[in-house]
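Thank you for making time for this at the group meeting. I would like to walk you through one structure, and I will ask you to keep the sequence and the 3D view open while I talk.

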Amino acid sequence: MLHNIFLCIVASVCVYLILLSATPLDTTPPLTAEELSMTSIMASAPSQSKAEAKSGSSVDNPSSSSSAGIDPPKQHILSQSNNNNYSEQAIYMFGERLNFVIRDPSHAGLIRAHIFRETNGYALMKDAVQMAKKRKPDERPLIVDIGSNHGLFSIFAARLGADVIAIEPQKELADVIAYAAQALNDDGVKERIKVYNYAILGKREFVGMEGQEEGEGAVANVVRGDDSGNGDKAAAGMVEARPISDFIPPDETRDIACLKIDVEGFELHAVPSANKLFESRRVQNVLIEYGPPKRWNTAGNTVADGIQMLADAHDKYGFSVRLIDSEVWGEYLKILDDGLRATAKVNRVASIDSTKEREGLLRTMEECPEDRALPCEGYIWYTLKPNESFTSFMADCGLSKQYAHATKLGKRLRRTSDGIVSMGCAGAEMEGPSGNKDSTIKITVK
C-alpha cells in the first residue's frame, strides 16, 4: 500500500513539472518610475459607478469632502479688472472698528438696517470667539461665514482674533470682501480671512445667481438648472456650489467656534452639507437665517423638510436648538403660554427642541401677516454649550428694541448738534450719516 502511495506522489510531481515547462515566460519589461507612480494613483482613486462615469461627475456626496481625487476649493483672488470704485465705510461694533466697502454709497442705509436686524448675531459671534479662546488659549478660533455678503461678520470675527473662512457666491461681493480685508484693515485681519467665491449646496454642481443688482446683492439667491451641459460654466456666469465640509482642510483639527449660514432660502440644502462636521461634534455654535417657508419653494423644500432639519440638529447631533430675537420672534411669543413667554423674554431665546415647538414655529411663520415690511424669518441658533454664559448676547440689544427705535423716529431718535442721528439701546449707541451719501456710517455697540 505504501508503495502505491509513493508512486502516486511521484506521478503528480511529474505532471506539475510538465505543465510548468509548457507555460510561456513573461517577457514584459519592468514598469518605469512614471508608470509605477500612475499605477499607485489609479489604485488609490475612488471607484466610479457606470452612471458617474457617464455623467463625468465623480462625487456628489457631501460627506466625502476629503476623498482622493477631489480638488480643494480655490481661494478667491481680487479680480485684476476690479477698479476699486468703492465707497469706504466703517462700523464700530463692540469696540472693534470694522472697515469695509460698498459698491453704491446710496445703499449705506441697507447696512444700517442689517445692523439693526442682526446685532444678536454679532453678539453671539463675539461670545463664541471669546469662549473658544478661553477653552484653548494657544489656538486661534476658527469661524466659517457662509453667505458673507459684504463680509461684516468675517471682518468682525477676524478683528476679534479668529481665523475666518468666508464663502460668498456673488463674485462682485467676493471682490468687496477681499478688497476690504486686504486694503482697509491691518495685517492681522488680512492674514486671517480667506475668501471663497462659491455657493453652498449638498452636492457639487454649477448654479446661476439672480437678484445680484437688487439692494447691493443683499437678497440674491441661487438658481439651480441643468448641470449636464458642456462648456465653460464660469464664463457663462455660473458659480460652483460645494458642500460646507469641502472647505475644511483634511489637516484642520480645530473646532469651529461658530458656523454662520445666510443663504436666502437654500439653508435646508446648505446646513445638512455640514452633517459630517456635526457628527464629529466639531461645530460648537451654528447661526442660521431660517425661512420663511415660502422661500424654500425655489429650493424645492417643504415645511416638513424644515422641521426635520431642526429635529436632526437636536436628536442626531446633540445641539440645543433655539430661536433668537428676529423677525418672527414677537409672533412666536404670542403662541407660548405665559410662563414660557416670560422665560423666553428673560433668557432672550426660545427653545425649539421639541416637536411641538418646531411645528409651532413653522406654523407661526406660515401664518405671519402678509402686510409685514420684512419677511417673517427666524434666526436659529444651535449650540453644544447651552449652559455657558453668553455675556454679549445677554446684554439686551436685540432686534425688537432697536427696530422699534428705528421705526418710531419722532419718539426714539434725537439729532445731535452736528446733525448726526443717534439712538440708544441698553448701552448701545448707533450713529448714521447726516445726509451726505459718502459720509461714513458709525455704529458703536458698547
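**Aromatic pairs**

Let me begin with two residues, Tyr122 and Phe153, both of which are buried. Before going further, I should say that what you see is a predicted model.

How do Tyr122 and Phe156 pair, stacked or edge-to-face? Tyr122 and Phe156 form an edge-to-face aromatic pair, with 5.6 Å from centre to centre and 65° between the planes. This pair links distant parts of the chain, since Tyr122 belongs to helix H4 and Phe156 to helix H5, 34 residues apart. Tyr122 counts as buried because its relative accessibility is 1%, and Phe156, with a relative accessible area of 0%, is buried as well.

Searching the whole structure gives 12 aromatic pairs. One of them is the stacked pair of Tyr122 and Phe153, whose centres are 4.1 Å apart and whose planes are at 5° to each other. Here too distant parts of the chain are linked, with Tyr122 in helix H4, residues 108-135, and Phe153 in helix H5, residues 152-159, the two being 31 residues apart. Elsewhere, ring pairs join Phe278, Tyr317, Phe319 and Tyr382 into a cluster.

**The protein as a whole**

Stepping back for a moment, the secondary structure of the protein comes to 16 helices and 18 strands. Of its 446 residues, 48% are buried, and the protein exposes about 22500 Å², of which carbon and sulfur atoms supply 52%. If we take the contacts between residues at least 6 apart in sequence, 71% of them join residues at least 24 apart.

**Salt bridges**

I turn now to charged side chains, where the search of the whole structure finds 15 salt bridges. One I would like you to look at is between Asp145 and Lys260, whose closest N and O atoms are 2.8 Å apart. Asp145 sits in strand E3, residues 142-146, and Lys260 in strand E10, residues 256-261, so that the pair links distant parts of the chain, 115 residues apart. Asp145 and Lys260 are both buried.

A second salt bridge is formed by Arg295 and Glu264, with 3.9 Å between the closest N and O atoms. Arg295 lies in the loop between strand E11 (285-290) and helix H10 (296-299), and Glu264 lies in the loop between E10 and helix H8 (267-270), so this pair ties together parts that are 31 residues apart in sequence. Glu264 is buried, with a relative accessible area of 14%.

Glu331 and Lys334 also meet through their side chains in a salt bridge, at 3.4 Å from N to O. In this case Glu331 is partly exposed, at a relative accessible area of 21%, and Lys334 is exposed, at 58%. There is, in addition, a network of salt bridges that links Arg140, Asp163, Glu252 and Arg254.

Which side chain of opposite charge is nearest to Asp353? That side chain is Arg358, 5.6 Å away, and Asp353 is buried yet has no salt bridge. The absence follows from the cut-off, because a salt bridge requires the side-chain nitrogen and the carboxyl oxygen to be within 4 Å. Asp353 itself lies in the loop between strand E13 (349-351) and helix H14 (355-366). Leaving aside residues up to four places away in sequence, Asp353 touches His314, Phe319, Ser320, Val321 and Arg358, and Phe319 is a member of the ring cluster I mentioned earlier.

**Cysteines and one methionine**

How many disulfides are there? The count comes to one disulfide, which joins Cys368 to Cys376 with an S to S distance of 1.8 Å. Cys368 counts as buried because its relative accessibility is 8%, and Cys376 is likewise buried, at 5%. Another cysteine, Cys258, is buried with a relative accessible area of 3%.

Finally, please find Met309, which lies in helix H11, residues 303-315. Met309 is buried, since its relative accessible area is 7%. Its contacts, not counting residues up to four places away in sequence, are Glu267, Leu268, Val271, Pro272, Ile288, Tyr290 and Tyr382. Of these, Pro272 is 37 residues away from Met309 in sequence, while the distance in space is 7.6 Å from C-alpha to C-alpha. Tyr382, another of these contacts, also belongs to the cluster of linked rings.

Technical notes:
Residues numbered from 1 in each chain as written. Predicted model: local features only at pLDDT ≥ 70, side-chain atom pairs only at ≥ 80, totals over all residues. Heavy atoms only, no water. Helix = DSSP H or I, 4+ residues; strand = E, 2+ residues; numbered from the N terminus. Buried < 20%, exposed > 50% of the residue type's maximum accessible area, 1.4 Å probe, protein only. Contact = heavy atoms within 4.5 Å. Areas by Shrake-Rupley, 256 points an atom, 1.4 Å probe, with all protein chains shown as cover. Lys, Arg positive; Asp, Glu negative; His and termini not counted. Disulfide = S-S within 2.5 Å. Phe/Tyr/Trp six-rings, centres within 6.5 Å; stacked < 30°, edge-to-face > 60°.
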